[in-house]
Amino acid sequence: MGVSLKDVAQRAGVSIKTVSNVVNNYQHVTPKMRAKVQQAIDELGYRPNLTARHLRKGRTGIIALAVPEFGNPYFAELAGEVVDAAARHDYTVLVDHTGGLREKELLVSQGFRSHVIDGLILSPIHLETEDLMARTETAPLVLLGEREYEAPYDHIAIDNVAAAREAVAHLIALGHRRIAFLGSRTGRERQPAHLRLRGWREELAASGITPDESLVVVTDGYGREDGAAAMASLLDRGERPDAVFAYNDMIAIGAMRTITERGLTIPGDIAVVGFDDIEESRYGTTTLTTIAPDKAAIARLAVDSLVERLAGTPVAEPRRPRPGYRLVVRESTAPRPSR
């Protein structure tokens, strides 16, 4: 038989109500009393019945995270951070995969599996503001990603334009002038690729360099093969850059493969900067300089926002926090040798 609240109360010499207050993290418990109860909990190995606790609150104890693709290491790493952040609130995470398809994003946002989950964290690609405004599902929703929405939901996203400018400024400071952008996309100007492209243009112009649009390559997707093909396209048409800023690390890694296959060196002939700081960027033959979003902060802010909404915490306006990021300099942008 498992350890009960009564057992903990007897060991600590306090009431069952006091133990319950400590377990449920109520504020009105003195530090001395909290330490006494916690010591009894640790000694007896007591574990609260989370299922019963959530059921008493009319909850399932499960929140969902829906991401575009599991094959992208960024989303896999972010999912791990969300699971850790949710565990601190005694929530389990159900991870779903939309495939970046509009119909699947609509399905999950409109309450698919709403009988199973208490709330949803969603990273959409194709949803529009109108889709979100038409949402009738009452379960709380928190948005991730760089698409901008005028909808009444908390939205967690880094400043893509500023991050892109920092990446390009780093390349310019190293003496590069023909800086390509790989990973542009057609469509709405508020999509992430366009925000990073905007940062590329703005930083070049601010540095007195006319952006060369012939160095901008549209890709069909965001994978390694897309980066390899984009780099090959540039080189095949004689548009050799001296540096590359890629939409994400996977495109950058694909581009690096093409560069080396063509007998060019990194960073001697072409320097490369990515975006996302996925684990693979740290362990290639040439490690990748990249923009590293604070994934832990993104996850923590998303889960905290969702939990506050579930608790009914009054918030006047939807929140738009900006998690941090940093430029991580590695071998792919080593300083150019003096000539």
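**Strand pairing, nonpolar cores and salt bridges**

In this predicted model, the bridge partner of L143 in strand β5 is H155. Strand β5, which spans residues 154–156, runs parallel to strand β4 and is joined to β4 by 3 bridges. Strand β4 also pairs in the parallel sense with strand β3 (residues 119–122), again over 3 bridges, and in that pairing I121 stands opposite V142. Within β4 itself, which covers residues 141–144, the side chains of L141 and L143 point one way, whereas those of V142 and L144 point the other way, and all four residues are buried. In a regular strand, side chains alternate between the two faces of the sheet.

The largest nonpolar core comprises 70 residues, of which I121, I179, L182, W200, M231 and F245 touch the most other members. For M231, when residues up to four places away in sequence are not counted, the contacts are L182, P241, V244, A255, T258, I259 and I270. Apart from this core lies another of 13 residues, among them A66, V108, L120 and A151. In soluble globular proteins, nonpolar side chains tend to be buried together. On the surface, by contrast, F70, V83 and V95 make a nonpolar patch of about 220 Å²; V83 lies in helix α5, residues 73–87, and counts as partly exposed because its relative accessibility is 36%.

A search of the whole structure finds 19 salt bridges. One of these is formed by D154 and R309, whose closest N and O atoms are 2.6 Å apart. Because D154 lies in strand β5 and R309 in helix α12 (residues 295–310), the pair ties together parts that are 155 residues apart in sequence. D154 is buried, with a relative accessible area of 1%, while R309, at 26% relative accessibility, counts as partly exposed.

A salt bridge also forms between R201 and E213, with the closest N and O atoms 3.0 Å apart; R201 belongs to helix α9 (residues 192–206), and E213 to the loop between α9 and β7, 12 residues away in sequence. Both residues are partly exposed, R201 with a relative accessible area of 31% and E213 at 41%. The side chains of R240 and D269 likewise meet in a salt bridge, at 3.2 Å from N to O. Since R240 lies in the loop between α10 and β8 and D269 in the loop between α11 and β9, this pair ties together parts that are 29 residues apart in sequence. Finally, salt bridges that share partners join D154, E308, R309 and R319 into one network.

Key
Residues are numbered from 1 along each chain as its sequence is written. This is a predicted model: local features need pLDDT of at least 70, side-chain atom pairs count only at pLDDT 80 or more; totals for chains, interfaces and linings use all residues. Side-chain values use heavy atoms; hydrogens and water are left out. A nonpolar core is a set of buried Ala, Val, Leu, Ile, Met, Phe, Trp, Tyr and Cys residues joined through side-chain atoms within 4.5 Å. Buried means under 20% relative accessible area, exposed over 50%, partly exposed in between (1.4 Å probe, protein chains only). Contact means heavy atoms within 4.5 Å. Helices (H or I, at least four residues) and strands (E, at least two) are DSSP runs, numbered from the N terminus. Two strands pair if DSSP finds at least two bridges between them. Patches are made of residues with over 30% relative accessible area and no salt bridge: like charges are joined within 9 Å, nonpolar side chains (Val, Leu, Ile, Met, Phe, Trp, Tyr) within 5 Å. Accessible areas come from the Shrake-Rupley method with a 1.4 Å probe; for residues, only the protein chains shown count as cover. A salt bridge is a side-chain nitrogen of Lys or Arg within 4 Å of a carboxyl oxygen of Asp or Glu.
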